[in-house]
Amino acid sequence: MSLSEWLNTKRNVSLRTNSKEVNLQVPEGLWIKCTKCNLLMYYKTLEKNFKICPKCEHHFATTSKDRIKTLIDDNTWQPINQYLTSTDPLGFADRKLYSKRLLDMKTQTGLCDAVETGLGKIFDIPIALGIMDFRFMGGSMGSVVGEKLTRLIEQATISKIAVIIICASGGARMQEGMLSLMQMAKISSALQKHKQARLPYFPILTSPTTGGVTASFAMLGDLIIAEPNSLIAFAGRRVIEQTIKEDLPDNFQTSEYLFKHGFIDLIISRVELKNKLHQILSFYYSAS
């Protein structure tokens, strides 16, 4: 039996050594398997490597808290609108009441909604940063996500600093209907005013970035950056194939495919992201 099979099936193992029974307990979450190359690794090894597989460089999903830790200089993070939270304007219910779903998500993630926003520094260069967190209802863009990002951009325009938004979203939040779709225009309008002030905006597309987020602020950057092998799309692959009645390439809707066809500007590994952003920001401020 392989080590992975043993770990998956034998959480409590009894062994006999010198006629004595020894109980071994394997803690949950101690090992993790790469979903791409099936490498079994110690979870702390993955964490130390920015949650990137050391064998195939697959980028695992990560949290907004981890993003802040790896990107922002120590003791410089200042949250904005941290406790802004959504109501249930439509009284929406599917399998569960929307209000109950929100409460469950807050309990599970410790977040008030699907984005964290704040001010910080990257190697002493001040920035305004928004980080979408896919754990909270698939990073869906509801009224709070739109409001927090809009306020962040407006604050950055007043402070005359760059905006960076890390995108990870399934798209608009259906539980808020038209109110969710309106956030696309609201955020885009704030970005236009930011651009008119001759200030930079850099979206970073992670896996997945889809739907209304892709159709709005994710594709409005001065430089559009993506992580390797990220899923970036508007509509789903199956929907497109059924619509155009053609098969799509295997790598369709990946960051590499979009880079090749001119939709994004840079593909940067998570390990190098902070240094590369510092280079880009330094170039901008030296040229302005």
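Trainee: Two strands pair if DSSP finds at least two bridges between them, so in strand E11, which residue is the bridge partner of Ala 226?

Mentor: The bridge partner of Ala 226 in E11 is Ile 267, and please keep in mind from the start that we are looking at a predicted model. Strand E10, residues 225–226, is joined to E11 by 2 bridges, and the two strands run parallel.

Trainee: What sheet do they belong to, and in what order do its strands come?

Mentor: They are part of an open sheet of 7 strands, which come in the order E5-E6-E7-E8-E9-E10-E11 with mixed pairing. Strand E5 (78–79) and strand E11 (266–267) are the edge strands, each of them pairing on one side only.

Trainee: And how many bridges join E7 to E8, and E8 to E9?

Mentor: E7 and E8 run parallel and are joined by 5 bridges, while E8 and E9, which also run parallel, are joined by 6. Ile 165 helps to follow the pairing across, since this residue of E8 is the bridge partner of Gly 130, and on the other side the bridge partner of Ile 165 in E9 is Pro 203.

Trainee: How many residues of E8 are buried?

Mentor: E8 is mostly covered, with 8 of its 8 residues buried. Ala 162, Ile 164, Ile 166 and Ala 168 point one way from the strand, whereas Val 163, Ile 165, Cys 167 and Ser 169 point the other way. In a regular strand the side chains alternate between the two faces of the sheet. For E9 the count is 8 buried residues out of 9, so that strand is largely enclosed by the rest of the structure.

Trainee: Let's zoom out for a second. How many helices and strands does the protein have?

Mentor: The protein has 10 helices and 11 strands, and of its 288 residues 43% are buried. If you take the contacts with a separation of 6 or more, 64% of them are between residues 24 or more positions apart.

Trainee: What about the largest nonpolar core, which residues have the most contacts inside it?

Mentor: That core has 38 residues, and those with the most contacts inside it are Leu 149, Ile 165, Cys 167, Leu 205 and Phe 217. Several elements supply at least two residues each, including helix H4 (98–109), strand E6 (115–122), strand E7 (125–132), helix H5 (143–159), strand E8 (162–169) and helix H6 (177–196).

Trainee: Which element gives the most to the core?

Mentor: H5 does, with 5 residues.

Trainee: And what does Phe 217 touch?

Mentor: Leaving out residues up to four places away in sequence, Phe 217 touches ten or so names worth reading off the model, among them Met 132, Leu 149, Ile 165, Cys 167, Leu 191 and Pro 203. Apart from the largest core lies another one, of 19 residues, which include Ile 72, Ile 127, Leu 129 and Ile 280.

Trainee: Back to H5, then: what covers its buried residues?

Mentor: The cover includes E6, E7, E8 and H6, and the buried residues themselves include Val 145, Leu 149, Leu 152, Ile 153 and also Lys 148. The 17 residues of H5 should span 24 Å at 1.5 Å a residue, and this agrees with its end C-alpha atoms, which are 24 Å apart. After H5 comes Lys 160, whose phi is positive, near 60°.

Trainee: New topic: which residues does UniProt list for "binding site"?

Mentor: The UniProt entry, which is unreviewed, lists Cys 34, Cys 37, Cys 53 and Cys 56 under that heading. Although they span 23 residues in sequence, no two of their C-alpha atoms are more than 8.7 Å apart, so they gather at one spot.

Trainee: Where do Cys 37 and Cys 56 lie?

Mentor: Cys 37 is in the loop between strand E3 (31–33) and strand E4 (40–42), and Cys 56 is in the loop between helix H2 (43–48) and helix H3 (64–71).

Trainee: What is each in contact with, beyond neighbours within four places in sequence?

Mentor: Cys 37 is in contact with Cys 53, Lys 55 and Cys 56, while Cys 56 is in contact with Cys 34, Lys 36 and Cys 37. Cys 37 counts as partly exposed because its relative accessible area of 21% is not under the 20% cut-off for buried, and Cys 56, at 23%, is partly exposed too.

Definitions and conventions: Residues numbered from 1 in each chain as written. Predicted model: local features only at pLDDT ≥ 70, side-chain atom pairs only at ≥ 80, totals over all residues. Heavy atoms only, no water. Helix = DSSP H or I, 4+ residues; strand = E, 2+ residues; numbered from the N terminus. Buried < 20%, exposed > 50% of the residue type's maximum accessible area, 1.4 Å probe, protein only. Contact = heavy atoms within 4.5 Å. Core = buried A, V, L, I, M, F, W, Y, C linked by side-chain atoms within 4.5 Å. Expected span 1.5 Å × (residues − 1). UniProt positions renumbered as here; feature names shortened; annotations may be inferred. Pairing = 2+ DSSP bridges.
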